[in-house]
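User: Hi! I am new to reading protein models and would like some help with this one. Could we go through it together?

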Amino acid sequence: MKIAQITDLHLCDGLAECFQINSKNNINKIFEDIKTENIDMLIFTGDFGSVEGIEYLNKKLKELKIEYYVVLGNHDKKENLIENGIIDNSYLCDRTIIKDEFIIHLLDSSKGYLDDIQIENICNQINVNKKNILFTHYPIIKSNRNVLDREFGIKLTQEQFNKIINLDIDIFCGHFHCYTESKINKIKQVTCPSAIMQIGEKDNKIITESFQFGYNIIEIKNKEIQYKPKLFVGSGVIPKK
């Protein structure tokens with residue numbers, strides 16, 4: 001199974017406007033590339049964009065005709081996704097998708113924290129006989145980007161963190177607008193490059209790293225996971241201060 005993870009699209013929203021980025025062109029390029037990769041499933045990990053952008057995404061998804069799932073980002077409103085056809089009223093952002101050799105867990109972290117029930121559900125849904133993969137917006141463990149972790153990381157209590165830290169799970173997330181890999185105990189975490197622009201760090205500050213855009217390809221075979229980012233050359237303008 002091959003999964004394309006797409007995150008932080010910011011289609012036609014204020015971020016795209018501020019940096020003069022043609023976000024529709026970005027998603028067009030990503031979808032064209034997905035067609036060449038024999039992708040079986042799309043998983044969006046939040047920050048879709050404006051109503052105009054969501055309408056455009058729905059049109060492109062109908063053309064692509066690939067099974068997809070979503071989790072919300074911190075800039076998303078579920079009702080916008082419902083009203084513009086991305087999901088329906090019954091859609092649950094916390095859910096599990098069970099396959100023969102693995103389980104996909106979708107976790108709504110869009111508020112910037114997790115409640116105790118969400119933590120308990122994830123812990124209880126882990127199947128030690130299958131590969132467990134979690135998709136969410138916020139990184140759950142620390143990345144290798146210290147400023148982003150400090151300024152924009154998820155808020156977990158120590159008790160919650162102590163429960164998560166013992167899980168055997170691969171986490172794929174967004175929010176940070178850059179590709180990172182990190183690991184603690186049996187948890188591996190990968191942040192996905194943004195579909196609009198990439199963010200970096202310099203002199204203990206967050207900077208615009210590049211106008212590249214992209215997505216992650218995740219391949220699951222025989223309980224093993226391989227993953228890689230795909231990045232494309234984009235364009236934009238850094239606003240004058």
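Analyst: Happy to! Let us begin with one residue: at 11% relative accessibility, F232 counts as buried, where buried means under 20% relative accessible area, exposed over 50% and partly exposed in between, with a 1.4 Å probe and protein chains only. This is a predicted model, in which local features need pLDDT of at least 70 and side-chain atom pairs count only at pLDDT 80 or more, while totals for chains, interfaces and linings use all residues. Residues are numbered from 1 along each chain as its sequence is written, and side-chain values use heavy atoms, leaving out hydrogens and water.

User: Are the rings of Y215 and F232 stacked or tilted?

Analyst: Rings of Phe, Tyr and Trp (its six-membered ring) pair if their centres lie within 6.5 Å; planes under 30 degrees apart count as stacked, over 60 as edge-to-face and the rest as tilted. Here the centres are 6.5 Å apart and the planes of Y215 and F232 meet at 15 degrees, so the pair is stacked.

User: Which strands does that pair of Y215 and F232 link?

Analyst: The two residues are 17 apart in the chain, and the pair links distant parts of it. Strands here are DSSP runs of E with at least two residues, and helices are runs of H or I with at least four, numbered from the N terminus. Y215 lies in strand β12 and F232 in strand β13.

User: Is Y215 buried or exposed?

Analyst: The relative accessibility of Y215 is 0%. The cut-off for buried is under 20%, so Y215 counts as buried.

User: How many aromatic pairs does the whole structure have?

Analyst: We have met one of them, Y215 with F232. There is also an aromatic cluster formed by F44, F48 and Y68. A search of the whole structure finds seven aromatic pairs.

User: What radius of gyration does the chain have?

Analyst: The radius is taken over C-alpha atoms, and the globule rule is 2.2 Å times the number of residues to the power 0.38. With 241 residues, a compact globule would have a value near 18 Å, and the chain agrees with that at 17 Å.

User: What share of the residues of the chain count as buried?

Analyst: Two examples are F232, at 11% relative accessibility, and F213, with a relative accessible area of 4%. Of the 241 residues of the chain, the buried share is 53%.

User: How many helices and strands are there in the chain?

Analyst: We have already visited strands β12 and β13. In total, the chain has seven helices and 13 strands.
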